[in-house]
Amino acid sequence: MQIIHILNHVQEIGNGIVNVAVDLACLQAESGHDVAVISAGGEYEELLCKFGVQHYSLDLSRNPANLIKAAIAYRGMIKKFQPQIVHAHMMTGIVLASTFRLGYKYALVSTVHNEFQRASVLMGLAERVIAVSQAVQDSMVRRGINQNKLRVVRNGTLGSPRTRKISKYEPLKLQRPAIATVAGMYERKGIAELIAAFEKIAPDFPDVHLYLVGNGPDKEMFVAQAKKTAVSDRIHFEGFQPEPQSYLLAGDIFVLASHRDPCPLVLSEAREAGVAIVATQVDGIPEALDNGKAGVLVPAKDSQALAEALAQLLSNSDRLQEWKHRAKQNLEWLNVARVHEETLAIYRELVG
């Protein structure tokens, strides 16, 4: 097949949408398909080239003058590549691919990554709409997307061409016990609740430290919150790390306190690393944790419940080891090869 993926950029900044698209493009090319990516570019261009994926540079900034230029350039790229499938991963891409489809014979596929965004209903312009979890599919149906269009392909990132085998990473020498999160510094990721929960338990566990890995627009707000606590010297802001596996391998407890999260890739990475997991019971998180078999689930926006879950693990080494063991069970379905095959099956529904 001739396949084009269209997204805003291919920067290596921990963006799950980009990571999913890059994984798919590389594995599809490796399987013998002709694959191209249209984006504004980024660090993953080198990896795409290594796998034989063509990259077409296109600025999708949302201003009228630029979008007119982007539309003209897009039509030239489509005419040159002649795709059978165009797979859009972001809203600007789906609008562009849908609007300027006239005269071309490609089938249009979209993936809904962040269904909580109001504009995500635009992904329904595609003939097939991939939801990254059952929770996302259910939400899109409630929002009016035809269920016959929807297909669930749960995220999985183990074996990704972007990463090495877990055995190739060296754990960092963190101060332990170590609680860690790997997340964008956004309010919706629950960083404020995690800091508040840590503040509650820190006096009872004087050796525990908190490591916050990631960057984002709300980081300074969280830094200010941490500085107001009596345990700020035990809260470490580590910034974006291209290889968070070193933190996951060194940690005792991984926390994902999100308010909304369709199907976070980091949970599969945390499970592979064998760290005990505490996460919120929202959206696709329970699915990524085998509905609570692989991690402790707590209500979102509830720092007290989060603090209690952390305290239970830190106060009982047997319980902590049990949850570390449970995290590593049933990992096979989280492999990126499964995502690749299920996505190709959806393409074949449209092009035979």
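## Working through a predicted chain

The buried residues of α4 pack against β1 (2–6), α3 (64–81), β4 (85–88) and β5 (107–112). Keep in mind that this is a predicted model. Now for some exercises.

**Exercise 1. Work out which residues of helix α4 do the packing.**

Start with the span: α4 covers residues 91–99. Next, pick out its buried residues, which are M91, T92, G93, I94, L96 and A97. Finally, look for their partners: the strands β1, β4 and β5, plus the helix α3.

**Exercise 2. Decide whether the chain's overall dimensions fit a compact globule.**

Begin with the expectation: for 352 residues, a compact globule would have a radius of gyration near 20 Å. The chain comes out at 21 Å, so the two agree. Then check the box: along the principal axes, the C-alpha atoms fill roughly 65 × 40 × 40 Å. Inside that box sit 13 helices and 13 strands. As for burial, 56% of the 352 residues count as buried. Last step, the contacts: among those between residues at least 6 apart in sequence, 66% join residues at least 24 apart.

**Exercise 3. Describe the surface and the charges.**

The chain exposes about 15,100 Å², and carbon and sulfur atoms supply 48% of that. Now count charges: there are 38 positive and 37 negative side chains. The centres of these two sets lie 6 Å apart.

**Exercise 4. Explain why C26 has no disulfide partner.**

First find the closest cysteine sulfur to that of C26: it belongs to C49, 10 Å away. A disulfide needs the sulfurs within 2.5 Å, so that gap is too far for a bond. Over the whole model, the disulfide count is zero. Check burial too: C26 has 0% relative accessibility, so it counts as buried. C263, another cysteine, is buried as well, at 4%.

**Exercise 5. Take two lysines, K189 and K324, and find out whether each is buried or exposed, and what each touches.**

K189 goes first. Its place is the loop between β8 (178–182) and α6 (191–201). With a relative accessible area of 12%, K189 is buried. Skip its neighbours within four places in sequence, and its contacts are A183, G184, A257, S258 and D261.

On to K324, in helix α12 (residues 317–327). Its relative accessible area is 12%, so K324 is buried. Beyond its neighbours within four places, K324 is in contact with R176, G251, D252, G274, V275 and A276. For a distance, try E272: the C-alpha atoms of K324 and E272 are separated by 9.9 Å, with their positions 52 residues apart along the chain.

**Exercise 6. Show how enclosed α6 is, then step into the loop after it.**

Count the burial: eight of the 11 residues of α6 are buried, so the helix is largely enclosed by the rest of the structure. Those residues are I191, E193, L194, I195, A196, A197, F198 and I201. Then ask what covers them: the cover includes the strands β8, β9, β10 (235–239) and β11 (253–256), along with the helices α7 (219–227) and α11 (303–314).

Now move to P203, in the loop between α6 and β9 (209–213). At 60% relative accessibility, P203 counts as exposed. To finish, compare sequence with space: P203 and Q54 are 149 residues apart in sequence, and their C-alpha atoms are 54 Å apart.

Definitions and conventions:
Residues numbered from 1 in each chain as written. Predicted model: local features only at pLDDT ≥ 70, side-chain atom pairs only at ≥ 80, totals over all residues. Heavy atoms only, no water. Helix = DSSP H or I, 4+ residues; strand = E, 2+ residues; numbered from the N terminus. Rg over C-alpha atoms; globule rule 2.2 N^0.38 Å. Buried < 20%, exposed > 50% of the residue type's maximum accessible area, 1.4 Å probe, protein only. Contact = heavy atoms within 4.5 Å. Areas by Shrake-Rupley, 256 points an atom, 1.4 Å probe, with all protein chains shown as cover. Lys, Arg positive; Asp, Glu negative; His and termini not counted. Charge placed at Lys NZ, Arg CZ, Asp CG, Glu CD.
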